[in-house]
Amino acid sequence: MLIVGAGFAGLYQLYRAREMGLRTRVLEAGDGVGGTWFWNRYPGARCDVESLDYSYSFSPELEQEWSWSERYAPQEEILRYINHVADRFSLRPDIQLNTRVTAASFEDEEGQWEVTTEAGERFAATYLVMATGALSLPQRPKLDGLGSFAGAVYHSAQWPKEGVDFTGKRVAVIGTGSSGVQMTPVIAEQAAQLTVFQRTANFSVPAHNVAFTPEALRAAKARYPERRILGREAITGQFLNANTKTAAEMTDEEKLAELEYRWKGAGGGFRMLRTFADQMSNEQTNRMVAEFVRAKIRAKIKDPRKAELLCPRDNLPFGAKRLSVDSHYYETFNRDNVDIVDVQATPIVAATPHGLRTTEREYDFDAVIFATGFDAMTGALLAIDIRGSGGVPLRERWKDGPVAYLGLGIAGYPNMFVIAGPGSPSVLSNVVHSIETHVDWIMRLIRRMYADGLKRVEATREAEAGWVQLCADEADKTLYTRANSWYVGANIPGKPRVFMAFVSGVPTYRRIIERVEANDYEGFKFASDAQSGELVRSSTACANTRSGNHHARRQ
Ligand code: N01
């Protein structure tokens, strides 16, 4: 098995594949493990899912021996954790760093994947697992004149390892997604002047981050099994104490009390997304939540001009763009050395030798930071020239948007799996939980293939099309599709507008993939030799044989 990427997904896949006895290698572009947490080292970077949840659950010993310092661990601590995992489970000998995969093609004659790296190395593998991450291909808008800018230029996701000292500097931050929101308060404390260039005001909710006391951590660890069960059964794969009532089922006093309870933290920012059961499907309910949050934002910012700019417009449903979770973001704009520029009203036209020029004026800067996000969900996969059976390029198959069965297998791409790919809960979930779910499921499938003497598996076109349609139908029932977010590819010029995640939640998704498994992997077809692709078992055959012999039956 060849695994691309050594983040949370790649490491766990390696652990499980090796446990089964597969000869396995991980290829990783970076010079260290950690994926997202290796690259995103900008000031203030930390997880916005609670670290007790955003961590592996496969090893109770690991859960007990690792101690998180804060509710939301900072980037360097998460990176330390991932490195600890790599050492504790002796994963490093099978990880090849500094190795960027550029191409992967399924060779029909050999019935195996051939993978090529930037340095020209070639690898052959029976199974190919893409653990490339949903948010790993940084996007930086083209800016005329950037080459002439005399200052320093950074991207949040390509941050220098040695860090950057902004003391006394004039700094521009372009972008107000989670990365911009996290770095702004920290840079503001160092910089002489910080100017935030905002194109769209997004909703951010307070993290209420706290350091763990030894007692609190001990108590939390003592309840770890229970915590994991609650997480598995929660829509996002982390327990957010969701309100099961719709707004219509509550009185005005109850609604306000629920909103206040969630805003005050009660365990973390994302709980605000679960204030009412219908807030992502009922416009009126959503507007009520949005109004409540806007009032809270206004109350934090003294300057009415800044407050209005920072308040999301009412055409953006609350939570339809990925919510940010912050520590003193809005309050930072009360500082004299921090200002905000509305890029919608006065777009940035070009960089100059001294800074940036908008349609209104010129600004002088010592540093410009792009916090402009990623080509999400599909970017890292399509950056690799992946070709399936018959040489079909994935770039071609996905030209109208990603298609994948269950978000993990693609018709025409035998023995290839995507971890937390498009069409799975992935970015709408506690992704570590989603990663573990996918890897465990894939390993059960591979074990089953060994047991049945099967060498080749791939999703059927029909199952794939059905799944893509289901994902689109489910998304259309929600307000998610209303926003110009990276969920729909709107941040990348020319990217097809498709809602790319499975929206109906982690427990529903898990039950579906478990049912597929119980039904002899309906929607997948198998072959007993990897070359020919001759069908020996399909969902139809399974349906016929389910009650008795579930072994392969030639058709
Ligand atoms: O990127 P984003 P991010 N001119 O795409 C703006 C995860 N994450 O790196 O909204 C001017 O959200 C763009 O404007 P608009 C999390 O899932 C997690 O911040 O497109 N502005 C937007 O404001 C998150 O959602 C953590 O109009 C331009 C910003 O840049 C995801 O990663 C921390 C522009 C990009 O925001 C991505 O977050 C950080 C242009 N040409 C990230 N192009 C955790 O805490 C783009 N923008 C775990």
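Two strands count as paired here if DSSP finds at least two bridges between them. With that in mind, let's walk through this predicted model, starting with its strands and then moving on to the ligand.

Begin at strand β14, residues 348–351, which is joined by three bridges to strand β15, residues 355–358. The two run antiparallel, and a hairpin of three residues links β14 to β15. To find your place in this pairing, look for Ala-351, which stands opposite Leu-356 in β15.

From β15 you can carry on to strand β16, residues 362–364. Three bridges join β15 to β16, and this pair is antiparallel too. Here Arg-357 has Glu-362 in β16 as its bridge partner. Again a hairpin makes the connection, leading from β15 to β16 through three residues.

Now turn to the ligand, which has 23 residues around it. Those that come nearest are Arg-46, Ser-179, Arg-199, Thr-200 and Lys-321. By class, the shell divides into eight nonpolar, 10 polar and five charged residues. Helix α5, residues 178–190, gives the largest share of this shell, with three residues.

Which residues place polar atoms by the ligand's oxygen atoms? One of them is Ser-178, with a polar backbone atom 3.0 Å from a ligand oxygen. Ala-371 also uses its backbone, with an N or O atom 3.3 Å from an oxygen of the ligand. Arg-322 uses its side chain instead, placing a polar atom 3.3 Å from a ligand oxygen. As for cover, the ligand taken alone exposes 920 Å², and the protein buries 87% of that.

Conventions:
Residues are numbered from 1 along each chain as its sequence is written. This is a predicted model: local features need pLDDT of at least 70, side-chain atom pairs count only at pLDDT 80 or more; totals for chains, interfaces and linings use all residues. Side-chain values use heavy atoms; hydrogens and water are left out. A residue is near a molecule or strand if one of its heavy atoms lies within 4 Å of it. A polar contact is a pair of N or O atoms within 3.5 Å; within protein, one must be able to donate a hydrogen and the other to accept it, and residues adjacent in sequence count only if both atoms are side-chain atoms. Accessible areas come from the Shrake-Rupley method with a 1.4 Å probe; for residues, only the protein chains shown count as cover. Helices (H or I, at least four residues) and strands (E, at least two) are DSSP runs, numbered from the N terminus. Ala, Val, Leu, Ile, Met, Phe, Trp, Tyr, Cys and Pro count as nonpolar, Asp, Glu, Lys and Arg as charged, and the others, Gly among them, as polar.
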